[in-house]
Amino acid sequence: MTISGRAVVLAAIGLVPVVLWPGWGSLLGWAALFAVAVLIDLLLAGSARALRVHREPIATIRMGTSTPGSFVLTNPGRRTVRGSLRDAWQPSAGATGERHRVKLPAGQSRRIVTTLTPTRRGDRQAGDVTVRSFGPLGIAARQYSLPAPGHLRVLPPFTSRKHLPSKLARLRELDGRTSLRIRGQGTEFDSLRDYVGGDDVRSIDWRATARRGGVVVRTWRPERDRRVLLVLDTSRTSAARVGDEPRLDAAMDAALLLAALASRAGDRVDLLAMDRRVRARVEGAGRSDLLPQLVSAMAPVEADLVEADWAAIVATVLGRMSQRALVVLLTPLEGAAIEEGLMPVIARLCSRHRVVVASVADPQVAAMADGRGDAYAVYGAAAAGRAALDRAATTAELRRMGVDVVDASPEDLPPQLADRYLALKAAGLL
């Protein structure tokens with residue numbers, strides 16, 4: 001039996017541990033040559049482990065907008081690093097262009113930028129930066145993941161701010177800048193002006209009319225410096241999704257619109273997010289920094305899969321609010337949760353404060369009620385009808401106890417809640 005000289009050499013250097021038959025020598029010779037090339041390429045590749053990463057801070061942004069997420073990559077080694085890297089982020093951070101080609105000579109630094117368009121609010125975390133460094137032949141590479149902690153705070157989108165100009169226009173009407181025809185029991189005198197057709201005769205100032213020889217009416221403005229407390233229910237019922245977002249997010253949007261409107265009206269707005277424990281709180285914020293504080297406090301809040309402790313929530317509200325206030329409970333109108341948790345304690349709250357319950361309704365349930373296409377649709381319609389009856393009964397019971405109820409879809413809840421606030425203010429019920 002004859003063994004080729006090349007096979008003998010390869011076996012001698014330990015690459016081929018067995019005796020080979022003729023014909024394999026040429027193939028294994030090329031394999032050995034390739035293995036040597038790979039080894040040389042690895043030895044000459046720049047060290048990925050030696051690289052240093054410094055992630056730059058990222059400013060907070062609103063959900064739906066984009067921002068650059070950047071870091072500085074430094075090569076303190078002796079060889080050039082050629083290859084690619086991946087800047088890892090949570091999927092909900094919406095990273096695009098996170099894979100980069102890199103050529104970093106020894107002793108130099110490069111700034112790497114990844115575009116982030118987050119799809120969820122809250123704190124989005126950055127992962128490691130994984131670098132793959134190729135040798136000069138490009139056939140082998142070293143790979144190493146470099147720790148690169150970082151985060152991006154994503155604020156609620158506040159899509160309902162588009163309604164703010166129209167609500168402020170109504171507020172100016174209530175504020176005495178234009179005629180206010182209805183005087184509420186809590187309104188304040190603003191000014192005198194000449195009577196025009198359509199004015200409420202109850203607003204005529206007879207003394208001023210006698211002095212001027214013409215009919216004069218008083219204008220009124222709602223009282224200022226009232227307290228408004230927004231209570232966000234962060235329990236399991238707020239975790240249910242309506243459309244593309246949780247109920248909690250829609251409730252936050254309504255709370256932000258109401259807060260912006262109430263602060264412009266001169267009222268003081270506080271926030272309490274709670275289920276069994278306090279998740280977020282904003283108190284004593286001035287008009288200029290109210291919204292920044294609210295969105296920053298709301299951003300990391302997530303619904304927890306626990307039942308709301310309404311006894312604790314009401315006790316917290318009563319302990320914090322000594323003077324009469326408007327308390328807005330942003331909670332789903334789920335019959336069992338409301339009947340067993342909120343109704344036994346809501347009377348205590350209503351005895352000292354004006355209470356409004358704002359709930360996010362699911363439009364899909366209303367759509368299901370019209371289904372008649374097949375047996376499945378009919379059963380769905382029956383379930384939707386039953387849910388609507390339970391919801392109506394819960395609403396009626398709350399109203400009987402003196403609670404104002406606003407129940408609307410995610411798009412309609414913010415303007416409807418703002419309208420209810422304006423109506424209460426116009427009637428002097430705050």
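Me: What makes α10 the element that gives the most to the lining of the largest pocket?
Reply: In this predicted model, a lining residue must have an atom within 4 Å of a pocket point. Helix α10 (375-400) supplies 5 such residues, the most of any element. Both α9 (363-368) and α10 each supply at least two residues of this lining.

Me: Which residues lie closest to the centre of the largest pocket, and how much space does it hold?
Reply: The space amounts to about 340 Å³. Of its 17 lining residues, D362, V365, A387, A388 and R391 are the closest to the centre. The lining comprises 9 nonpolar, 2 polar and 6 charged residues.

Me: Why is the space lined by D233, S238 and R247, among others, called a cavity?
Reply: A cavity is a set of points where a 1.4 Å probe fits but cannot get out, whereas a pocket is an open set; the term cavity therefore denotes enclosed space. The largest cavity holds about 60 Å³, and its lining also includes L248, A251, L330 and V360. Two or more lining residues come from each of α5 and β19 (354-360).

Me: What makes 6 residues of the largest cavity's lining nonpolar?
Reply: Ala, Val, Leu and Pro are among the types that count as nonpolar. L248, A251, L330, P332, A358 and V360 belong to this lining, so they are its nonpolar members. The others are 3 polar and 2 charged residues.

Me: Which helix gives the most to the lining of the second largest pocket?
Reply: Helix α5 (residues 247-264) does, with 4 residues. This pocket has a volume of about 260 Å³, and T159, S160, E245, D253 and P410 lie nearest its centre.

Definitions and conventions: Residues are numbered from 1 along each chain as its sequence is written. This is a predicted model: local features need pLDDT of at least 70, side-chain atom pairs count only at pLDDT 80 or more; totals for chains, interfaces and linings use all residues. Side-chain values use heavy atoms; hydrogens and water are left out. On a 1 Å grid over the protein atoms alone, a cavity is a set of points where a 1.4 Å probe fits but cannot get out, and a pocket is an open set with protein on both sides within 12 Å along at least five of seven lines; lining residues have an atom within 4 Å of a point. Grid points are joined across faces, edges and corners, and a volume is the space filled by probe spheres set on the points.
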